[in-house]
Amino acid sequence: MIIYGAGMAGLLAANLLRRFEPVIHEAKKELPDNHSALLRFRTPNIGSACAVPFKKVSVSKAISYEGEIHNNGNLFFSNKYSSKVTGAVYDRSINNLENSERYIAPPNLIQLMSLNIKIEYDKGLRDLKQLDKNEKYISTIPMPIMAKMCGWKFDENYFRFKPIWVQRGVINNPEVSVNQTIYYPDEMLSHYRASVMDNIIIIEHSKKPEQNAGPNLMTILREDFGIDAIKIDDIYSGEQKFGKLLPIDENFRKDFIMMLTEEHNIYSLGRFATWRQLLLDDLVKDIGVIEKLIDGNHLYNNVLENVNDRS
C-alpha cells in the first residue's frame with residue numbers, strides 16, 4: 001500500500017493500516033507540520049490509534065460582540081459568524097456554548113505520529129501512469145490537483161476555499177492553565193476565534209490581520225480573557241491557504257471519488273482529497289471504511305453514501 005501525503009490524514013492511515021505495510025510518499029523534502037490553528041479533538045481516538053497520550057479537558061466558551069461578552073448563542077450570532085468564516089450561511093457550533101469535553105494533543109503530535117512509519121520524501125504523485133494496477137493507494141492530495149491530473153474539466157473557480165491567518169504564542173505566566181474559547185461574529189474584526197489552551201493562546205483570522213501578532217495576542221488575552229501576562233513568547237504568525245473549504249456539487253464530488261477507486265485503485269482520504277469540511281476525528285471511521293473496501297467486504301456505492309452523509 002502506498003499513501004500519498006504525510007500530513008495528519010496520511011500518518012493516521014499509516015498507523016491504522018499497518019497490516020498492509022504502507023509506505024508514505026511525501027512530495028516535500030521533510031515532514032510537513034502545517035497545523036498551526038486550533039487543534040482540539042472531540043474524542044481520544046486519534047491518540048489511541050497512534051499510541052499518543054491526549055489530555056482530557058473541559059472547554060468553556062463565550063461570544064464577544066460589540067465589546068460585550070455573551071454566554072448564550074442565538075441565530076443572529078450563528079449566521080453572522082458563519083458568513084464571516086465561510087462567506088455563506090450554514091449551521092455552526094457557535095449556538096452551543098455549554099462546556100464541552102475535548103482532548104488536546106501534545107505539541108509534537110506530527111512527529112509522534114510518524115514514529116516507525118516508512119516515509120519516502122520528495123516523492124509525490126505527478127502522473128497516474130506511474131501507478132501500478134496491482135497496488136492499493138490512499139490519496140490525501142487535494143481534489144482539484146487530482147482532477148487536473150485525471151483530465152477532468154472544471155472552471156478554475158469551481159473549488160472554492162477561504163484562507164485563514166493564525167497568530168499563536170506561549171503565555172509567560174505560570175499561573176495560567178485554562179481551556180477557553182471566545183467567538184467573534186463581528187465582521188469588522190479580522191479575528192473570528194481566540195482560544196487559550198493551558199498556557200498557549202491562538203487567534204484565528206478570516207482576513208489578514210493588520211496588527212502584528214505580539215501586541216494583538218497580548219491585547220485580546222488581557223481585554224477579552226482577563227488574563228495578564230508579562231509577555232508572549234514563541235510568537236508565530238502565518239497563513240493557511242485552504243483554511244475553510246466551501247461546498248461543491250455533490251454529484252461531481254462523489255463521482256470523482258468513485259472513479260479514482262474504480263479506475264486507479266485510489267482511495268480518497270481527508271478534507272482536501274474529498275473536498276469537504278470534516279473533523280480529524282472522522283478520519284478514524286473513514287479509514288475503517290477504506291479498509292473494508294480493500295478487503296472487499298462492502299459494495300463501494302453503499303459505503304460511499306454512508307461516508308458522505310456526514311459532509
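How accessible is Arg222: buried, partly exposed or exposed? In this predicted model, Arg222 has a relative accessibility of 39%, so it counts as partly exposed. Its salt-bridge partner is Glu223, and the closest N and O atoms of the two lie 3.9 Å apart. Glu223 comes out as exposed, with a relative accessible area of 56%.

That pair is a handy way into the charged contacts. A search of the whole structure turns up 12 salt bridges. Another one brings together the side chains of Asp198 and Lys55, at 3.0 Å from N to O. Asp198 sits in strand S11 (residues 191–198) and Lys55 in strand S4 (residues 55–65), so this pair ties together parts that are 143 residues apart in sequence. Asp198 has a relative accessible area of 19% and, because buried means under 20%, it falls in the buried class. Lys55, on the other hand, is partly exposed, at 41%.

A further salt bridge runs between Asp286 and Arg276, with the closest N and O atoms 2.8 Å apart. Here too distant parts of the chain are linked: Asp286 belongs to helix H9, while Arg276 is in the loop between helix H8 (271–274) and H9, with 10 residues separating the pair. Asp286 and Arg276 are both buried. Salt bridges with shared partners also join Arg19, Glu291 and Asp295 into one network.

Glu291 deserves a look of its own. This residue is part of helix H9, which covers residues 282–295. With a relative accessibility of 22%, Glu291 counts as partly exposed. Setting aside residues up to four places away in sequence, Glu291 touches Leu17, Arg19 and Phe20. Arg19 thus appears both among these contacts and in the salt-bridge network. As for Tyr267, which is 24 residues from Glu291 along the chain, the two C-alpha atoms are separated by 9.7 Å.

Turning to the strands, five of them make up an open sheet with parallel pairing, in the order S7-S2-S1-S8-S14. Its edges are strand S7 (118–121) and strand S14 (266–268), each of which pairs on one side only. On average, neighbouring strands of this sheet are turned by 25 degrees against each other, direction ignored. At the S7 edge, strand S2 (residues 23–26) runs parallel to S7 and is joined to it by four bridges. One of the residues involved is Val23, whose bridge partner in S7 is Lys118.

At the other edge, Ser268 has its place in strand S14. Ser268 is buried, with a relative accessible area of 13%. Leaving out neighbours within four places in sequence, its contacts are Ser139, Ile257, Leu260, Ala273, Thr274 and Ile290. Helix H7 (residues 250–264) lies across strand S8 (137–139) and S14, and runs at about 155 degrees to S14.

H7 also packs against another helix. The axes of helix H5 (residues 143–150) and H7 come within 12 Å and cross at roughly 60 degrees, and the crossing is left-handed. On the H5 side, the contact is made by Met143, Met146, Ala147 and Cys150, while H7 contributes Phe252, Arg253, Phe256, Ile257, Met259 and Leu260. Sorted by class, the contact of H5 with H7 has nine nonpolar residues, one charged residue and no polar ones. Ile257 and Leu260 turn up in this helix contact and also among the contacts of Ser268.

Antiparallel pairing shows up around strand S6 (residues 100–104). Four of its five residues are buried, so S6 is largely enclosed by the rest of the structure. Strand S3 (residues 40–41) runs antiparallel to S6, and two bridges join them; within this pairing, Phe41 stands opposite Tyr103. S4 also pairs with S6 in the antiparallel sense, over five bridges. In that case Val59 has Ser100 of S6 as its bridge partner. S4 is also the strand that holds Lys55, the salt-bridge partner of Asp198.

Technical notes:
Residues are numbered from 1 along each chain as its sequence is written. This is a predicted model: local features need pLDDT of at least 70, side-chain atom pairs count only at pLDDT 80 or more; totals for chains, interfaces and linings use all residues. Side-chain values use heavy atoms; hydrogens and water are left out. Buried means under 20% relative accessible area, exposed over 50%, partly exposed in between (1.4 Å probe, protein chains only). Contact means heavy atoms within 4.5 Å. Two strands pair if DSSP finds at least two bridges between them. Axes are lines fitted to C-alpha atoms, for helices over the stretch in contact, and angles run from 0 to 180 degrees between N-to-C directions. A crossing is left-handed if the near helix is turned anticlockwise from the far one by less than a right angle, and right-handed if clockwise. Ala, Val, Leu, Ile, Met, Phe, Trp, Tyr, Cys and Pro count as nonpolar, Asp, Glu, Lys and Arg as charged, and the others, Gly among them, as polar. A salt bridge is a side-chain nitrogen of Lys or Arg within 4 Å of a carboxyl oxygen of Asp or Glu.
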